[in-house]
Amino acid sequence: MFKMSRLFTILTVSVLLFQLLPQNSAADMLENSRTLGVLFAENPEEEIEIFADESLEEVKLLIPDDTVVEIEHANDAVTYVRYKGEKDGETAYEAGYVKNDHIINIEEAEEFRKKRLEPGFDLQAYQRSKVKQKLDEAQENKDPKTPETDGPKEESHSEKNMDESSTEPPSNTEEGPKKSEGPEAVQKSVNLNMMPKQEASIRGVALQAPTNVYADKDKSSEVLKAYSQGHILILQPLDSDWHLVFVYVNGERLQGYVHAKDVDPLVESDRLEGHALKQPVAVYEKPARSAKVLKTYNYHQRLIYRAFSSQWHEATVYVGGKPKTGYIHASDTGSIQQSPMVRGVALLAKTPVYKKPSKDSGTWKTYRQGHVLKYRSYNTNWHIATVYVNGKAETGYIYAKDVESAEVSPTSQKGVGTKETIRIYSSPSTHAAAVKSYAYGSILQYRTFTSAWHEVTVYVKGKKQTGYLKADDVNELHTKLKGYAINKTTPVYSNPNPYSAVLKSYKRGHVLQYQGYQSNWFIATVIVNGKAQTGYIRTKDVSPNAPMITGYASSDPTHVYANQSKSSAKLKTYNKGHQLKFRPFNSNWHIATVYVNGKAGTGYIHKNDVSGSAPILSGYAKKSPTYVYSQTSRNAPKIKTYQKGQLLKFRYHNASWYKATVYINGKPRTGYIHKSDAGAATEISFVNPYKVYTYNHMVADIKSLQKAYPDLITYRVVGKSEYGRNIYAVSLGKGKATTVINGSHHAREWLTTNLNMYMIEQYAKAYRKNSKIKGYDARSILNETTIWFIPMVNPDGVTLQQQGLKAYPKSMHASLIKMNNGSKDFKRWKANIKGVDLNRQYDAGWKTIAGNVGRPNYKSHKGKAPATASEVKAVLKLDAEIDPEIAVAYHSSGQILYWYYKQTGAAYHRDHTYAKEIGKLTGYRLVYPGSNPSGGGYTDWFIEKRKRPGFTPEIAPYVFETNPPISIFSQVWNENQAVGLFVAKESAKLYKARKQ
């Protein structure tokens, strides 16, 4: 068996090198470096390790399974190969050492591919079978003419050479077979030169850390090379104390010596079976206890393995679903009869001890969860224990899964407490009494006990006591911990001393990383001026748990998302300045609990959407008067008063009050505004359409609306009236397409100004709230279109109609009374201040307007020439600047809709379609064309000159020569509320079509 093991490793390569291509000599193959083999992993799709040198300590690269390589040279453990791959899209060669197990004769590759798929395939067993096959073939090929004798043979010269040869494979020297000698010489080389070298070589495990290779057979001689514990070495025994070994140092092959006690020779065995004798039993990556642990098994578990050396077994374990070769120390396994007495922890609330190894038998006794028991293994499923019942010792049995065995050889360790409070329990159960507690960051000493518990010694009231610490509550001392700053300012000190310099400070909730240092202190690395520095944090200044933070919504609006993504669902939305409670979650997100439909849910707030201090908010007085109080009480003195709609500045104070700074007699004072008295623009109404709405009301409201919706509303003066009043145009929206709506061409029709202004505000609110008006999506429409309003075309006439002669100087009274046909009652006034009817001023059929009054009058005077009135010039100026797609001029009264002025064909059908839709929205009757329509109106001009749709709705039930009553406004709004959005939506379509 031992002989076969030694032969196996080198013949694997020898067979490949010398019988792969029998028609060539070995010297020829090595000389040309074109011997090919295939590298296979034990399982398909796995990768194969290529090492930097034959020590197999450093993995150079991984190459795919089933890869053809060129073989350069080999020894009995590893082979130097070259691999052709790709790097940056170009062919590149890599070279290195591979374990011989992975090399397959290229002619046998297909057979191997099939064999590997068979159940229970073992790569090493396969290679051993191939070696045996080659040896058998070599035996059969011996010269049949050579008779065998019973007596001892005379030692031949070649046999003597075998005994004295080195452990290296044959090199291309003069002693090797010559190229001209043919296949028979190659076969002889295999049989005569290679076989004796295998007899002299063994493999062994490095036992020391490190295991040295000496220049001479003397431990005081020069160390040529050192190997890590568990490394496999190729050895040639020399005597009882020393082995010969060849090593490569800086590329040079040197002869060295390893002391026999520093290595453990490998052995060969069939499959063995045993049980874990310790808790736990580790399977190591290398045959060394310092090696990485691949897997662990519990005390008494059944194990399958093969003997590897006198101190180690070899086993196959599955890690992540993949088989791995590992090593178990021989002292950790044995027969069930060798099982030592161990301690274990009861896992059940009532852990029974049975009378027999069967759950159907009666129980002697039960123990509470966490009780520490003593037992030894009985079989795979049961432990055996001695219990006392009524003072009498009885043999009992404990089901293996009902307990967790404690470590047989516990280690003493030092760690750092990782929980807010670290409790020490009287027994290994959280239901047991806590005998002592420690603060976060405390440095603790303990002994390993079970996977879930450590054992500690504590002093309670001066008495020594054994306690138990949860394994999850402590980490190794130098483990990196994540915690949170819990103070308003958390300093990092230059030394573990609170009086030392502060290197850096962090705000409450900041995520920090650090390590345990000593009780009361963590150690951390901080960056100061771009340089890393070591600092110290007091344990009491940080916590493993994220603190609850009070912050404020800084975005308007601020969303709480379902996941850590702004594209996820929005659970809840808050206005800017709203006070929020949350905990830090990671570098970009906070976590919060929100209530949706009365149910608590977890949501996430982006860190950029909140701030630590209350932002200055803008709001508006919601009523008249709105008070600022000296204290947070409505009974406190009032220090200032505001009117409804006035702009206010304040900060969040608490759930019911805002805090504001107001100026009284030029001096600042702190005051408080009740939250119900102030709000966002969408919570109040600036425009009150249910009153006589004056020019001054309109101007104030235009300015207030622009401040309330600065991203949506703008205004500008487009001209002046004949009396010198500014004529305002207001834009609403963000789109390139435009439409225009105006009102109050006629003085007594000022209710259309109410409608214009109310439309502006309601559309702005709908946009901000992302709501709809009669099914029209205000936000999407106003993102594509801009509506321009001239709410009051004729401010002079409106003022005269509403206020009478008192609104103007006495010097004007006589002429105004004359134009009013001698009456001082101006309720019927329709014209501008100069007696010109503005809706008869536009150059569309102006010369043929019917019913013209030939002099300035309260109505029906078209003026001396078209477009000479200042107000009409302002309308046309805006029209030229914005190039609207559709025009709407509101008038009163009669609940009818004018839409036609001499258009024909496609334009007629287009405008008629629009008119019918507006008719449906308003309920107004369409006025169809007569034989000769009178012109001069704004929409007449718009239709004729621009060839685009224009509409003149006459709002309100008909009234004779006066304004419609205020009481009718609700009906007017209900009828017309969607008209502006409809024409804006259609304007966007017309604009897009026109630009294509």
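**Exercise 1. Find the residues of helix 14 (residues 938-946) that are buried, and then the elements against which they pack.**

Solution. The buried residues of helix 14 are Tyr 938, Thr 939, Asp 940, Trp 941, Phe 942 and Ile 943, where buried stands for under 20% relative accessible area, exposed for over 50%, and partly exposed for what lies in between (1.4 Å probe, protein chains only). Helices (H or I, at least four residues) and strands (E, at least two) are DSSP runs, numbered from the N terminus. This is a predicted model, in which local features need pLDDT of at least 70 and side-chain atom pairs count only at pLDDT 80 or more, while totals for chains, interfaces and linings use all residues. Residues are numbered from 1 along each chain as its sequence is written, and side-chain values use heavy atoms, with hydrogens and water left out.

The next step is to look at the surroundings: these buried residues pack against strand 59 (737-742), helix 12 (870-882), strand 63 (887-889) and strand 67 (950-955), contact being defined as heavy atoms within 4.5 Å. Just after helix 14, Lys 947 takes a positive phi of about 60 degrees.

**Exercise 2. Describe how helix 12 and helix 14 pack, giving the angle and the residues that make the contact.**

Solution. Begin with the geometry, for which axes are lines fitted to C-alpha atoms, for helices over the stretch in contact, and angles run from 0 to 180 degrees between N-to-C directions. The two axes, those of helix 12 and helix 14, are 12 Å apart, and the helices pack at an angle of about 35 degrees. On the side of helix 12 the contact is made by Val 875, Leu 876, Asp 879 and Ala 880, and on the side of helix 14 by Tyr 938, Trp 941, Phe 942 and Arg 946.

**Exercise 3. Identify the residues with the most contacts inside the largest nonpolar core, and the helix that gives this core its largest share.**

Solution. A nonpolar core is a set of buried Ala, Val, Leu, Ile, Met, Phe, Trp, Tyr and Cys residues joined through side-chain atoms within 4.5 Å. The largest one has 64 residues, and Met 698, Ile 713 and Tyr 763 have the most contacts inside it. Helix 8 (residues 751-769) supplies the largest share of this core, ten residues. A second, separate core of 23 residues includes Val 740, Tyr 842, Val 875 and Phe 942.

To follow one residue outward, take Ile 713, which, leaving aside its neighbours within four places in sequence, is in contact with Leu 705, Gln 706, Val 730, Ser 731, Leu 732, Ile 760 and Ala 764.

**Exercise 4. Work out the order of the seven strands in the open sheet and say which strands stand at its edges.**

Solution. Two strands pair if DSSP finds at least two bridges between them. The order of the seven strands is 31-30-34-33-32-29-35, and the pairing is antiparallel. Strand 31 (434-439) and strand 35 (474-476) are at the edges with a single partner strand each, so one side of each is left without a neighbour in the sheet. On average, direction ignored, neighbouring strands of this sheet are turned by 45 degrees against each other.

Finally, consider one pair: strand 29 (residues 412-417) and strand 35 are joined in the antiparallel sense over three bridges, and Val 416 stands opposite Asn 475 in strand 35.

**Exercise 5. Trace the hairpins that strand 19 (residues 312-319) forms with strand 18 and strand 20.**

Solution. Strand 18 (residues 302-307) runs antiparallel to strand 19, and two bridges join them; Arg 306 stands opposite Glu 314 in strand 19. Four residues lie between strand 18 and strand 19 in their hairpin.

Strand 19 then pairs with strand 20 (residues 322-329) in the antiparallel sense over eight bridges, with Tyr 318 opposite Pro 323 in strand 20. This hairpin of strand 19 and strand 20 has two residues between the strands, and Gly 320 in the turn has a positive phi of about 65 degrees.

**Exercise 6. Locate Asn 529 and Pro 557, and describe the backbone feature of each.**

Solution. Asn 529 is found in the loop between strand 40 (521-528) and strand 41 (531-538). Although Asn 529 is not a glycine, it has a positive phi of about 55 degrees, and with 79% relative accessibility Asn 529 counts as exposed.

Pro 557 lies in the loop between strand 43 (549-553) and strand 44 (558-561), and a cis peptide bond, with omega about 5 degrees, joins Asp 556 and Pro 557.
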